[in-house]
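Work through the exercises below with the sequence and the 3D view open beside you. Try each task before reading its solution.

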Amino acid sequence: MNETPDAATVEAVGKVTEALETIERARGHLYSFHQLTGSADLALGEAVTQLEKAGHGDWARRISEELIGLNVLPDRWTFQVVEEYDDGYYKACRDLERELLASLTRGRRHLHEQQMKDDRRTHGRPGHEAGAPSTPSAGA
């Protein structure tokens with residue numbers, strides 16, 4: 001492999017990294033979904049207590065039996081959804097991106113952004129220094 005990959009390779013690899021970054025964001029939203037759903041379930045538990053104290057035992061019992069602890073998907077709570085996503089789709093994408101970087105860029109990350117930085121900075125101006133080049137991640 002050449003020391004520096006060609007522009008088309010850098011752009012293509014950058015697009016895969018961009019996709020992984022989007023998947024990272026989606027993963028964060030999935031964790032938000034997990035935590036928000038759990039918080040709602042706990043709030044429903046507090047509502048059951050308040051409904052009982054207010055004399056609405058039938059509603060308290062109904063919410064307690066029908067909604068609290070209900071699976072969000074068949075046979076799954078949110079933690080199970082998160083774990084399956086992490087161990088499946090997320091891991092597959094992350095691992096493939098790492099293999100692609102190792103194969104085509106010698107493990108160097110964000111080469112597209114590094115080129116963009118060099119193109120957009122004002123050479124010789126303080127605060128516009130090139131900085132250290134992208135380096136392989138640990139384990140690459």
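The exercises that follow concern a predicted model, and each is solved in steps.

**Exercise 1. Describe the secondary structure and the overall dimensions of the chain.**

Step 1. Begin with the helices and strands. The chain has four helices and zero strands. Read from the N terminus, the order of elements is α-α-α-α.

Step 2. Turn to the dimensions. The C-alpha trace spans about 75 × 35 × 25 Å along its principal axes.

Step 3. Set the radius of gyration against the value for a globule. The chain has 24 Å, whereas a compact globule of 140 residues would have a radius of gyration near 14 Å.

Step 4. Look at burial and surface. Of the 140 residues in the chain, 18% are buried. The accessible surface is about 10100 Å², and carbon and sulfur atoms account for 54% of that area.

Step 5. Finish with contacts along the sequence. Take the contacts between residues at least 6 apart in sequence: 66% of these join residues at least 24 apart.

**Exercise 2. Characterise the largest pocket: its volume, its lining and the elements that supply the lining.**

Step 1. The largest pocket holds about 440 Å³ of space. Its lining consists of 22 residues, and the closest to the pocket centre are Leu111, Glu113, Gln114, Gln115 and Met116.

Step 2. Two or more lining residues come from each of α1 (7-53) and α4 (111-120). Helix α4 provides the largest share, eight residues.

Step 3. Sort the lining by class. There are eight nonpolar, seven polar and seven charged residues.

**Exercise 3. Do the same for the second largest pocket.**

Step 1. The space in the second largest pocket is about 250 Å³. Among its 15 lining residues, Thr37, Gly38, Asp41, Leu70 and Val72 lie nearest the centre.

Step 2. Here the elements that give two or more residues are α1 and α3 (78-104). The largest share, seven residues, is from α1.

Step 3. By class, this lining has eight nonpolar, six polar and one charged residues.

**Exercise 4. How many cavities of 30 Å³ or more does the whole structure have, and which residues line the largest cavity?**

Step 1. A search of the whole structure gives one cavity of 30 Å³ or more. The largest cavity holds about 70 Å³.

Step 2. The residues that line the largest cavity are Val10, Val13, Gly14, Thr17, Leu101, Thr105, Arg108, Arg109, His110, Leu111, His112 and Glu113. The elements that give two or more of them are α1 and α4. Helix α1 gives the most, with four residues.

Step 3. The classes are four nonpolar, five polar and three charged residues.

**Exercise 5. Is Asp86 buried or exposed, and which residues does Asp86 touch beyond its sequence neighbours?**

Step 1. Locate Asp86. It is in helix α3.

Step 2. Apply the cut-off. A residue is buried when its relative accessible area is under 20%. Asp86 has 14%, so Asp86 is buried.

Step 3. List the contacts, leaving out neighbours within four places in sequence. Asp86 is in contact with Arg27, Tyr31 and Lys91.

Step 4. Follow one of these contacts, Lys91. Lys91 is also in helix α3. With neighbours up to four places away in sequence left out again, Lys91 touches Tyr85 and Asp86.

Step 5. Classify Lys91. Its relative accessibility is 37%, so Lys91 counts as partly exposed.

**Exercise 6. Examine the backbone angle phi at Asp75 and His110, and state where each residue lies.**

Step 1. Recall the general rule. Most residues other than glycine have a negative phi.

Step 2. Check Asp75. Its phi is near 65 degrees, which is positive although the residue is not glycine. Asp75 is in the loop between α2 (57-66) and α3. With 64% relative accessibility, Asp75 counts as exposed.

Step 3. Check His110. Phi is near 55 degrees, again a positive value in a residue other than glycine. His110 belongs to the loop between α3 and α4. Its relative accessible area is 35%, so His110 is partly exposed.

Step 4. Link back to Exercise 4. His110 is one of the residues that line the largest cavity.

Key: Residues are numbered from 1 along each chain as its sequence is written. This is a predicted model: local features need pLDDT of at least 70, side-chain atom pairs count only at pLDDT 80 or more; totals for chains, interfaces and linings use all residues. Side-chain values use heavy atoms; hydrogens and water are left out. On a 1 Å grid over the protein atoms alone, a cavity is a set of points where a 1.4 Å probe fits but cannot get out, and a pocket is an open set with protein on both sides within 12 Å along at least five of seven lines; lining residues have an atom within 4 Å of a point. Grid points are joined across faces, edges and corners, and a volume is the space filled by probe spheres set on the points. Ala, Val, Leu, Ile, Met, Phe, Trp, Tyr, Cys and Pro count as nonpolar, Asp, Glu, Lys and Arg as charged, and the others, Gly among them, as polar. The radius of gyration is taken over C-alpha atoms; the globule rule is 2.2 Å times the number of residues to the power 0.38. Buried means under 20% relative accessible area, exposed over 50%, partly exposed in between (1.4 Å probe, protein chains only). Contact means heavy atoms within 4.5 Å. Accessible areas come from the Shrake-Rupley method with a 1.4 Å probe; for residues, only the protein chains shown count as cover.
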